[in-house]
Amino acid sequence: MAVIETAEKMLPAGLRPAASRILRTLTAVMTARGDKAAAQRMALTAFSIRIVSAALAFLSQIVLARLMGEYEYGIFVFVWVLIVLFGDLSCLGFHTAIVRFLPQYKAVGAFEKIRGLTGTARIFGLLSGTATLAVGMIALHVFGDRIETYYVMPVFLGLIAMPMIALGDILEGTSRANHWPVMALSPAYIVRPVLIILFMLTAIGLGAPHTAMTAMQAALVATYVTTVGQYVATLLRLRRHYQEGPREVDFLGWLGVAFPIFLVEGVGFLLTNSDVVVVGIFLEPHDVAIYFAAAKTMALVHFINFSVKAASGPRFSSLIAEGTRQQLAAAAIDAARWTFWPALAIGLAVVATGHLLLSLFGGAFTAGYVVMAILLAGILAKALVGPAETLLMMAGKQNMCVLLYAGALAANIGLNLYFIPRLGIEGAAIATASAMGVEAILLHFAVRRALGIALFAFAASPVKTDMEA
C-alpha cells in the first residue's frame, strides 16, 4: 500500500484517479488467493510474455524480410506457416487434453494419473510428429514434380522439424495446465524466434546466401535446440512437483477426448492460416510476403486473445468440476472483457501507425496497409466472445466445436477462393475478416445453447467478480 500511495502522489492530478484504480486493481490481482486470482495472474503473465514475444516476432520478421527481400522472404514464410501448422496438428489434441485433465486430477490428488498423462503425452507427441514427418516425405517424393521448385527443398528441411514442434506443443500444454506461463510460452514465442535470427545472422556471417534455404536451416536448428531445452526444464519441474511414483495410464480415455479436440483445433488452425496458404497457392511469393507482413503486424492484436485463452483453460476446467454455473458464466464474460478492450485499444494504435510499421519491412510492404485495416474488423468481432472455444472444449462440447469450426472453415476457404483471384491480397483479408465474424456468431450461439451463457464482452456479469469487488 505504501508503494501504491507513493506512486499515486507522483502522478499528475488529472491522471491520479484512473491510475489509482488501475494500480489497486493490479495489486489485488497479484496478491489475492484462489483459482480466479491465479487465472488472472497467469493471464497477466501470459499477456506480458506475449507482448515481448510479439515484439520479438515482429522484429525478427523485419530482420528476415530485410535480409532476404520480398521474394525469398515470401518463400520462407509460406513454408514455415505450413510446417508449424501441421506440426501443431500432429499432436492430435493431446496438448489441450492435458489442460483439461491435469487440473481435475490435481484437485483430487490423483498424482499417479498426472504422471501417466504427462508421460504418455510426451511419447505420443514425439511419435505422432515423427509419423507426420514420414508421411510428408512420402508426399514430397510422390508429388514433388507438381510443386514449384523453389518450395521443394525448404519444405524438405521444414519436415525434419516436425517431431520437435509436436513435442514442444505437448510441453507447452503441460506447463499451461500447471499454471507455469513463463515455461509454457517462452520457448516457442521468445527463445525460438531469437535463435532463428541468431543462427540466420551467423550463417550469413559465415558466407551463406541470403535465401529462404538459409532461413529454413536456421529455423530447423533453432527448433531442435529450443525443444530439447524445454523438455529438460519441464521434466525437472514435473519431478519436483509430483516426484517419482506409480503411473496410471488411460490412453484410450484420453485419446477419446483429445481426438475431438484435435478436430476442433485442427479446423481452427486451418481457419487461422488458410488465408496465407491460399495466397501462397494462387499468388507469387512477393504477394505472400506483403500479405504475411500485414497479418504479422496485426498479430500484435491477436496475442491478447491467446493470452486470455492460455489462462482461462485451467480456470474453466476447475469451475466446471467444482464451481457453479453462475460462477462459470461470470468467469467467461470476464474473459471476454479482458479480450475485447485491450484488443480494441491496441488494434487502433497498430492501424494508426500501420504505414510506419510496414515500411520497416521494406518500401514495397506498405501495399499491405489496407489488409491491416480489414483484418482488424475481423479480430475485434472474434474478441467480442473471448475464449469461447476454450470454454466449450473444457465443458466437453468438442463435437459441437467441430461442426462450428467446420462451417467457419468452409466459409473461409470458399471466400478466399472467390476473392483472392479477383482482389488479390485485399480479397484474402476480406475473406478472413468475414470468416472471423461468422466464427464469433456461431460461438456465441453455441455457448448460449450448450451452457446457457450469453457470452459477450458487453453482457452483464451474473455475479460480482473479484475484479469488481
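**Group meeting: helices, salt bridges and one unusual loop residue**

I will start with Val228, which sits in helix H9, residues 212-242. Helices here are DSSP runs of H or I with at least four residues, strands are runs of E with at least two, and both are numbered from the N terminus. Two remarks on the source. The model is predicted, so local features need pLDDT of at least 70 and side-chain atom pairs count only at pLDDT 80 or more, while totals for chains, interfaces and linings use all residues. Residues are numbered from 1 along each chain as its sequence is written, and side-chain values use heavy atoms, with hydrogens and water left out.

Back to Val228. Its relative accessibility is 45%, so Val228 counts as partly exposed. The classes are buried for under 20% relative accessible area, exposed for over 50%, and partly exposed in between, with a 1.4 Å probe and protein chains only. Val228 joins Tyr231, Val232 and Leu236 in a nonpolar surface patch of about 330 Å². A patch takes residues with over 30% relative accessible area and no salt bridge; nonpolar side chains (Val, Leu, Ile, Met, Phe, Trp, Tyr) are joined within 5 Å, and like charges within 9 Å. The areas come from the Shrake-Rupley method with a 1.4 Å probe, and for residues only the protein chains shown count as cover.

Now the whole protein. It has 17 helices and zero strands. Of its 469 residues, 54% count as buried. The exposed surface is about 19600 Å², with 68% of it supplied by carbon and sulfur atoms. Among contacts with a separation of 6 or more, residues 24 or more positions apart account for 81%. A contact means heavy atoms within 4.5 Å.

Next, a helix pair. Two packed helices are described by the angle between their axes and the distance between the axes. For H7 (residues 162-177) and H9, the axes come within 9 Å and cross at roughly 30 degrees. The axes are lines fitted to C-alpha atoms, for helices over the stretch in contact, and angles run from 0 to 180 degrees between N-to-C directions. The crossing of H7 and H9 is left-handed, a label for a near helix turned anticlockwise from the far one by less than a right angle, with clockwise giving right-handed. On the H7 side the meeting residues include Pro163, Leu167, Gly168 and Leu171, and on the H9 side they include Tyr224, Thr227, Tyr231 and Leu238. Tyr231 is therefore listed both in this interface and in the nonpolar patch, as patches are defined.

Salt bridges next. The rule asks for a side-chain nitrogen of Lys or Arg within 4 Å of a carboxyl oxygen of Asp or Glu. How many salt bridges does this rule give? The count is three.

One joins the side chains of Glu244 and Arg239, at 3.2 Å from N to O. Glu244 is exposed because its relative accessible area is 53%, and Arg239 is partly exposed at 45%.

The other two share Glu389. Glu389 lies in helix H15, residues 388-394, and is buried because its relative accessible area is 5%. Lys309 forms a salt bridge with Glu389, with the closest N and O atoms 3.9 Å apart. This pair links distant parts of the chain, 80 residues apart, with Lys309 in helix H11 and Glu389 in helix H15. Lys309 is partly exposed at 24% relative accessibility. The side chains of Lys382 and Glu389 meet at 3.2 Å, N to O, and Lys382 is buried, with a relative accessible area of 10%. Lys309, Lys382 and Glu389 are thus a network of salt bridges, under the nitrogen-to-oxygen rule. Leaving aside neighbours within four places in sequence, Glu389 also has contacts with Asn305, Cys401, Tyr405 and Leu443, among others.

Helix H11, residues 285-322, also holds Ser317. Is Ser317 buried or exposed? Its relative accessibility is 0%, so Ser317 counts as buried. Not counting residues up to four places away, Ser317 touches Val99, Arg100, Pro103, Gln104 and Met394.

Last, a backbone point. Most residues other than glycine have a negative phi. Leu92 is not a glycine, yet has a positive phi of about 55 degrees. Leu92 is in the loop between helix H3 (35-89) and helix H4 (94-107), and is partly exposed at 25% relative accessibility.
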